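The following note is offered to a colleague examining the model. Its points take up helix packing and the surroundings of the ligands.

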Amino acid sequence: MKILVTGGMGYIGSHTCVELLAQGHEVVVLDNLSNAKPSVRQRIERIAERAVEFVQADIRDRAALRAVFAQHRIDAVIHFAGLKVVNESVSQPLAYYDNNVTGSLALFECMAEAGVKRLVFSSSASIYGDAEVVPVREDAPLSALTPYGRSKLMVEDMLRDLGRSDPAWSVALLRYFNPAGAHESGLIGEEPGGVPNNLLPYIAQVAHGQLACLNVYGGDYATPDGTGVRDYIHVVDLALGHVATLEHLAKAATPPGVRAYNLGTGRGNSVLEMVRAFEQASGRPVPYRIVARRDGDIVTSYADTTLAERELGWKAERGIAQMCADAWRWQHTPKE
Ligand code: NAD
Ligand code: UD1
């Protein structure tokens, strides 16, 4: 298949391009490079030993989107492009609604015009809010606690409405839990600008000596060691989940409509378990101190992955030891 990957130069998108190319698919990346470096393209091509078509454009630019659909016979779209920093979304909500909601709307309109109705959308477990039951199933109540989460929920709602209006659409809403790690080659990974918000990039910088100490947000939660529990999923497993999803959509005899799937491992790990795993993988100490709980944090979140296993035939295979080892290797990669 020929796949249009929006945001394909970013963290999850770049790993997904590598796995799509490895499976023999063709890839056209559309990215405005607002959060990625041009060199990622060469790195993807180096790992995959294949070429990637790249269009530098914004998903809100309908003319650019139309040109891509006119120039290429696109079979499906994977839509990663968007802004993702939760606390930034609180201070700049309009930027988040514009990029994530208006941008998605422009993309879906251009897809409809071009008759391309197969889509994989990057959603997030943040739309479960503070889930009452774990592991979290796809039919759990949806609620968003931040503008970022609400932007994802709005796009999911838009797609559910679109699916109801036209049964020709095949849409998978992939709700990622906590993506972490990097490609084993050390060539691609996550590049947070400034001080990282997410746990693993922060730990990696502490182990590397760029940051002095990890602040552990809360040590008195109702969890085995008192620290927050999350479902950390290796970014390569996540990428493979996208390939499995596309293949599932493509082989359906009739369009399966709009379906949501959790992409996680089904296991939860605490902050302190991640610290220990990273110390082992890196051979470096990760000094930490327990501080106050972070506003808006939930206690425990991990996925029920039954649906993805059953319908997509996909299951995460990499554990936290490999995640930390790969994140550590990436930490040493010279970045331009
Ligand atoms: P990322 O920032 O690394 O990648 C996003 C890419 O999209 C970047 O390359 C950026 O330059 C591009 N982009 C942003 N706005 C654009 C626009 N308007 N037009 C064209 N390109 C644009 O982020 P990521 O971690 O790879 O996340 C990918 C998707 O997955 C996002 O939609 C994010 O919300 C979602 N997601 C991420 C996580 C996570 O923890 N990383 C968790 C759940 C969901
Ligand atoms: C955060 C976002 C969530 C988003 C997810 C993936 C918030 C409130 N939530 O979730 O919407 O979907 O990222 O991008 O920002 N931790 C520390 N010290 C740190 C960093 C994190 O102790 O410096 C702890 C947190 O309290 C949490 C765990 O580590 O228990 C994971 O944190 P993080 O990586 O930010 O992910 P989420 O909290 O799941």
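1. Packing of H1 against H8. In this predicted model, helix H1 (residues 11-22) and helix H8 (residues 235-251) have axes that come within 8 Å and cross at roughly 60°. Since oblique is the class left for angles that are neither roughly parallel, roughly antiparallel nor roughly perpendicular, with the last running from 65 to 115 degrees, H1 is therefore oblique to H8. The crossing of these two helices is right-handed.

2. Residues between H1 and H8. On the side of H1, the contact is formed by Tyr11, Ile12, His15, Thr16, Glu19 and Leu20. H8 contributes Val235, Val236, Leu238, Ala239, Leu240, His242, Val243 and Leu246. By class, the residues of this contact comprise ten nonpolar, three polar and one charged.

3. Surroundings of ligand 1. Two residues of the H1 contact, Tyr11 and Ile12, recur here. A backbone N or O atom of Tyr11 is placed 2.8 Å from an oxygen atom of ligand 1, and a backbone N or O atom of Ile12 likewise lies 2.8 Å from an oxygen atom of this ligand. For Lys84 the side chain is involved, with an N or O atom 2.8 Å from an oxygen atom of ligand 1. In total, 27 residues are found around ligand 1, and those that come nearest are Ile12, Asp31, Asn35, Asn99 and Tyr148.

4. Packing of H7 against H9. Helix H7 (residues 199-208) packs on helix H9 (residues 271-282) at an angle of about 45°, and their axes are 10 Å apart. The two helices are therefore oblique to each other, and H7 passes H9 in a right-handed crossing.

5. Residues between H7 and H9. Leu199, Leu200, Ile203, Ala204 and Ala207 of H7 meet Val271, Met274, Val275, Phe278 and Ser282 of H9. This contact has nine nonpolar residues, one polar residue and no charged residues.

6. Surroundings of ligand 2. Leu199, which takes part in the contact of H7 with H9, also has a backbone N or O atom 2.8 Å from an oxygen atom of ligand 2. Two asparagine side chains also approach the ligand: an N or O atom in the side chain of Asn178 is 2.9 Å from an oxygen atom of ligand 2, and a polar side-chain atom of Asn198 is 3.1 Å from an oxygen atom of ligand 2. Altogether 18 residues surround ligand 2, the closest being Leu199, Asn215, Arg230, Arg294 and Asp297.

Terms used. Residues numbered from 1 in each chain as written. Chains lettered and ligands numbered in written order. Predicted model: local features only at pLDDT ≥ 70, side-chain atom pairs only at ≥ 80, totals over all residues. Heavy atoms only, no water. Axes fitted to C-alpha atoms, helices over the stretch in contact; angles between N-to-C directions. Helix = DSSP H or I, 4+ residues; strand = E, 2+ residues; numbered from the N terminus. Parallel < 35°, antiparallel > 145°, perpendicular 65-115°, else oblique. Left-handed = near helix turned anticlockwise from the far one by under 90°. Contact = heavy atoms within 4.5 Å. Nonpolar A, V, L, I, M, F, W, Y, C, P; charged D, E, K, R; others polar. Near = heavy atom within 4 Å. Polar contact = N/O pair within 3.5 Å; in protein donor to acceptor, adjacent residues only side chain to side chain.
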